[in-house]
Amino acid sequence: MVRATVTTAADLLLVRNVSRRARLTFEALRGLYNRRGQSRADMVALSTMLSRGLCLYRDKRIVGPVPGVFVGDVFNYRAELIVVGLHNHTQAGIGYVPASLVSEGHPVATSIVSSGGYLDDSDSGDVLVYTGSGGRPRNGGEHHADQAFERGNLALAYRCKYGVEVRVIRCHDCDASPSAKLYVYNGLYKVESTSYGPGKSGREVCKFNLVRIPGQEELGSKIWPASRKLTSTLDTNTRPPGYITLDLSKGKEAVRIPVCNTVDQNRSPTEFEYIARPEFPPSTVPPRLARRRRCCIYSKTACGGGSSSSSSSCACVKRNGGGGPAYNAEGTLIKGMPAVYECGVLCGCPSSCPNRVTQRGMTHRLEVFRSNETEWGVRTLDLIQPGAFICEFSGDLVAVDDTHSGNATGSSTYWGGILDPMKFPARWREWGDASAAALPDEAPCQFPQCPAPEYLLDVSLRRNFATYICHSGAPNAFVEFVIRGDENELCPHLMVFAMETIPPMRELSIDYGLDQ
């Protein structure tokens with residue numbers, strides 16, 4: 001057993017990126033196996049990563065916090081907990097180091113997954129009464145036999161004896177998760193006491209009283225109800241304390257963008273002209289050629305979205321390369337690419353076409369907020385799934401040879417009011433990339449060449465909320481170029497997609513290239 005200590009900002013960034021890279025590989029593999037029709041694609045992905053040594057900290061058995069995992073991080077699959085080293089069992093609720101690997105000769109618990117499935121469980125957040133394992137059918141139900149202090153139960157009892165903390169992950173039912181479950185890491189707890197006696201079922205059960213160690217980040221499982229209460233209040237057109245406006249966009253976005261400032265009296269986000277989408281120049285493709293390139297001019301069927309027949313006949317989908325559509329049936333970006341080619345205004349497919357994801361606008365509720373750390377930032381009020389479309393950068397287009405410069409007073413942009421599309425690092429390469437697994441039957445994608453953008457985005461006078469998204473060297477979102485139909489390829493849209501599962505009230509971040 002080892003205890004990992006991360007002290008410097010540089011090391012914290014390093015371990016966060018290591019953890020994020022492992023999760024990205026898992027998600028790429030899971031998506032690949034799911035598209036192939038394999039059942040339990042999550043477990044197949046985990047098996048692949050275990051066999052190739054891609055799961056983290058399998059040989060070290062870390063006690064205490066796991067490097068690169070933050071309190072409040074959420075996971076769609078239990079397999080992901082094993083990938084990052086947070087838990088070490090796919091089914092057992094108690095993760096532990098066996099006695100053979102402990103110098104004292106006793107098993108020691110390292111983590112628990114609490115789902116509240118036992119009659120004797122009690123959870124108030126900071127205090128958790130956890131019922132041990134065993135004594136009931138695997139598929140649930142009441143206890144039919146006595147529990148015993150063995151395996152995980154014994155390991156958790158010794159945790160109490162040694163006074164060492166244990167990681168707590170709570171499992172919640174969640175319709176927005178592809179697994180219908182969501183696992184929230186809630187930090188470190190100490191096992192204050194252990195008891196053994198009759199439970200509510202009449203059988204003998206092991207019970208453990210766990211108390212959360214103070215001084216940690218806010219309990220993730222408490223943030224969710226608070227977020228739901230906030231969105232319910234906002235939906236009634238009630239302005240909570242500290243909110244400057246209920247909609248920064250004044251109806252120009254598909255969902256409202258509230259602005260919150262509980263720090264000072266700054267109101268600068270409301271002092272510029274809001275423009276939801278940039279005004280791009282017309283297509284450079286001659287009309288006659290454009291008509292020939294329409295993806296489905298004689299059809300009203302949708303393109304892509306898991307339909308092989310519609311994908312193979314869609315010229316726009318074919319331009320993406322990679323052997324299939326850019327998005328899956330849920331509207332999630334399957335793989336990052338130099339530019340995503342969506343269907344456009346000249347195409348015959350309907351507005352519901354799966355290859356028009358970004359054209360339907362925002363679907364997640366976000367807000368601009370004032371922060372002591374990043375001045376202004378953007379955070380989500382909803383759960384955002386990895387690969388989901390979030391928003392678009394907007395402003396006034398400026399030709400690259402134009403000497404015009406801007407000064408975005410009050411904005412969180414990092415280039416003096418000018419966004420240069422070429423300065424965004426190619427983080428899109430990381431999304432959907434399963435190359436670390438070196439699958440023998442998976443050929444590398446061949447993407448078409450995409451010309452470099454020949455414009456800048458001036459956000460000094462007109463802009464949207466996206467300019468307030470903060471910078472990070474370990475971002476939870478990335479910028480992807482998107483071209484619709486026969487739009488000018490030199491002027492792609494700057495679209496933001498989720499890099500990971502982003503929980504409510506988590507700040508959005510992208511890589512602006514400042515660390516290069």
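In this predicted model, four strands form an open sheet in the order 14-23-24-17, and their pairing is mixed. Strand 14 (340–342) and strand 17 occupy the edges, where each has a single partner strand, so one side of each is left without a neighbour in the sheet. From one strand to the next, the twist averages 40°. Strand 14 and strand 23 run parallel and are joined by three bridges, and tyrosine 341 stands opposite isoleucine 483 of strand 23.

The largest nonpolar core holds 41 residues, and the members that touch the most others are Val368, Ile390, Phe393, Phe465 and Ile510. Several strands, tabulated here with their residue ranges, each supply at least two residues of this core.

| Strand | Residue range |
|---|---|
| Strand 15 | residues 366–371 |
| Strand 16 | residues 375–380 |
| Strand 17 | residues 389–392 |
| Strand 20 | residues 455–458 |
| Strand 23 | residues 477–484 |
| Strand 24 | residues 493–498 |

The largest share of this core, amounting to four residues, comes from strand 23, the strand that lies between strand 14 and strand 24 in the order of the open sheet.

Phe465, listed among the core members that touch the most others, can be followed through its surroundings: once its neighbours within four places in sequence are left aside, phenylalanine 465 is in contact with Leu248, Glu253, Ile257, Tyr274, Met362, Leu366, Val368, Val378 and Cys391. One of these partners, Val368, is itself listed with Phe465 among the core members that touch the most others.

Apart from this core lies another one, which comprises 32 residues, including Ala22, Phe26, Leu81 and Leu188.

Methods
Residues numbered from 1 in each chain as written. Predicted model: local features only at pLDDT ≥ 70, side-chain atom pairs only at ≥ 80, totals over all residues. Heavy atoms only, no water. Core = buried A, V, L, I, M, F, W, Y, C linked by side-chain atoms within 4.5 Å. Buried < 20%, exposed > 50% of the residue type's maximum accessible area, 1.4 Å probe, protein only. Contact = heavy atoms within 4.5 Å. Pairing = 2+ DSSP bridges. Axes fitted to C-alpha atoms, helices over the stretch in contact; angles between N-to-C directions.
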